[in-house]
Amino acid sequence: MTLEVVRSAYVNPFTQKTAMILELDLPPDLERQAHDIPDIQQRLMSFVRHQVALESWRSHHGSDRARRLVDQAMADGDALQNQGIDREAAFALLEEAHQRISIQMMA
């Protein structure tokens, strides 16, 4: 399934306002189902507004260092997954490391 989003800005000739058109290339079965949703445009507008607010919040919270740490953690997680280590095994490794560190701190 491919979802292609084409963004283009234009000036509405009736309102003279700049608008953005998002064109979604949906698979036929999903397109048929989405066509039956009477308020799909309002729902999509609500979704986009929420995403804009979330992105604004994200850009103002957390330091560059925190973002780098999250990016590194995600990369480390991907590397573990590529090595065949699943989530449960990774958590077990984390728990072992936590116990070792706790014991060293108490000594």
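How far should the 21 residues of helix H2 span at 1.5 Å a residue? The expected span is 30 Å, and the end C-alpha atoms of H2 (residues 40-60) are 30 Å apart, which agrees. That expected figure is 1.5 Å times one less than the number of residues in the helix.

Before going on, a word on the model: it is predicted, so local features need pLDDT of at least 70 and side-chain atom pairs count only at pLDDT 80 or more, while totals for chains, interfaces and linings use all residues. Residues are numbered from 1 along each chain as its sequence is written, and side-chain values use heavy atoms, with hydrogens and water left out.

**The chain as a whole**

The protein chain has 4 helices and 2 strands, in the order β-β-α-α-α-α from the N terminus. Here helices (H or I, at least four residues) and strands (E, at least two) are DSSP runs, numbered from the N terminus. Of the 107 residues, 2% are buried, where buried means under 20% relative accessible area, exposed over 50%, and partly exposed in between (1.4 Å probe, protein chains only).

Two of the helices can be set side by side:

| Helix | Residues in helix | Expected span | C-alpha end to end |
|---|---|---|---|
| H2 | 21 residues | 30 Å | 30 Å |
| H3 | 19 residues | 27 Å | 27 Å |

Each of these helices is followed by a glycine with a positive phi: Gly62 after H2, near 85°, and Gly84 just after H3, at about 90°.

**The second largest pocket**

Rolling a probe the size of a water molecule over the atoms shows where empty space is left. On a 1 Å grid over the protein atoms alone, a pocket is an open set of points where a 1.4 Å probe fits, with protein on both sides within 12 Å along at least five of seven lines; lining residues have an atom within 4 Å of a point.

The second largest pocket has 14 lining residues, and Asp76, Gly77, Leu80, Arg87 and Ala90 lie nearest its centre. Helix H3 (64-82) and helix H4 (87-106) are the elements that give two or more residues to this lining, and H3 gives the most, with 7 residues.

**A look at Ala90**

Ala90 sits in helix H4. Is Ala90 buried or partly exposed? Ala90 counts as partly exposed because its relative accessibility is 24%. Leaving aside residues up to four places away in sequence, Ala90 touches Leu80 and Ile85; contact means heavy atoms within 4.5 Å. Ala90 and Gly77 are 13 residues apart in sequence, and their C-alpha atoms are 8.4 Å apart in space.
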